[in-house]
Amino acid sequence: MNNFIFLGPPGAGKGSLAVKVAEDYKIPHISTGDIFRDNIKRQTPLGVKVKAIIDSGALVSDDLTCELVKDRLSKDDCKNGYILDGFPRTIPQAEMFAEMVADVKVVNFCISNEIVIRRLSTRRTCKACGANFNILTLPPKVEGVCDKCGGELYQRDDDKEESILNRMKVYADQTEPLINFYKNKGNITDLDAAIETPVLLEEFKKIFPMA
């Protein structure tokens, strides 16, 4: 079973690799943000709860987050596996998830802070479709214009250096402890995330052959 958890700081390339792995392995790429937005949009009972919490300015609890993930993984498109990107974020979430799913492969994206800052500060996002580009490593064909839909590209506020440093601190405080959690279980594989996505994909396929 190809059940994966992708761990790594913002800008490590988790999302870029997940898109490619999802295509090749025919499994969904799932982020908690997508789950939240989908449930809110469909006004499910869980979505109504999440919207009320977010609107109040509070954080969605570990219990509710795990409930939403469990519901998402019960869907038919997950029967051959899935990639979880951005979950679990905390030790309590990891402990709850371990009770839900026994067979999961944890992939840790290893990368230096310097590379993360360089990658994120040069990232540009499409206002229309959300596609990501990078002015150094993946520039659009026309400056400031999305290759996919022709939308306007912009720099997100959270891709500015001050915000990047804050996001990295949050990751170090909250999520890095998960690396030791999974190391203690003997269930984690390190990937050198400094290399470009096509090379990283080939490395990934060698370590995790398609089932």
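These legends accompany close-up views of a predicted model.

**View 1. The whole chain folds into nine helices and eight strands.** The C-alpha trace spans about 45 × 45 × 35 Å along its principal axes. The chain has a radius of gyration of 17 Å, and a compact globule of 211 residues would come near 17 Å, so the two agree. Buried residues account for 41% of the 211 residues. Sequence-distant contacts are frequent: among those between residues at least 6 apart, 69% join residues at least 24 apart. The accessible surface comes to about 11700 Å². Carbon and sulfur atoms hold 52% of that surface.

**View 2. The largest nonpolar core gathers 28 residues.** I5, L7, L73, Y82, L84, F97 and Y182 have the most contacts inside this core. Two strands, β1 (2–7) and β3 (81–85), each supply at least two of its residues. So do the helices α2 (32–42), α3 (45–55), α4 (62–73), α5 (91–100) and α8 (177–184). The largest share, five residues, comes from α4. In soluble globular proteins, nonpolar side chains tend to be buried together.

**View 3. L73 is among the residues with the most contacts inside the largest core.** Leaving aside residues up to four places away in sequence, L73 touches I30, C78, Y82, L84, F97 and V101. Of these partners, Y82, L84 and F97 are also listed among the residues with the most contacts inside the core.

**View 4. A second core lies separate from the largest one.** This second core has 24 residues. Among them are V21, I27, V116 and F208.

**View 5. Strand β1 is largely enclosed by the rest of the structure, because six of its six residues are buried.** Both faces of the strand are covered. On one side sit N2, F4 and F6, all buried. On the other side sit N3, I5 and L7, also buried. Of these, I5 and L7 are listed among the residues with the most contacts inside the largest core.

**View 6. Strand β1 pairs with β3 and with β4.** β1 and β3 run parallel, paired over five bridges. Here F6 has D85 of β3 as its bridge partner. Four bridges join β1 to β4 (residues 105–110), again in the parallel sense. On this β4 pairing, I5 stands opposite V106. Both I5 and F6 are buried, on opposite faces of β1.

Notes
Residues numbered from 1 in each chain as written. Predicted model: local features only at pLDDT ≥ 70, side-chain atom pairs only at ≥ 80, totals over all residues. Heavy atoms only, no water. Core = buried A, V, L, I, M, F, W, Y, C linked by side-chain atoms within 4.5 Å. Buried < 20%, exposed > 50% of the residue type's maximum accessible area, 1.4 Å probe, protein only. Contact = heavy atoms within 4.5 Å. Pairing = 2+ DSSP bridges. Rg over C-alpha atoms; globule rule 2.2 N^0.38 Å. Areas by Shrake-Rupley, 256 points an atom, 1.4 Å probe, with all protein chains shown as cover.
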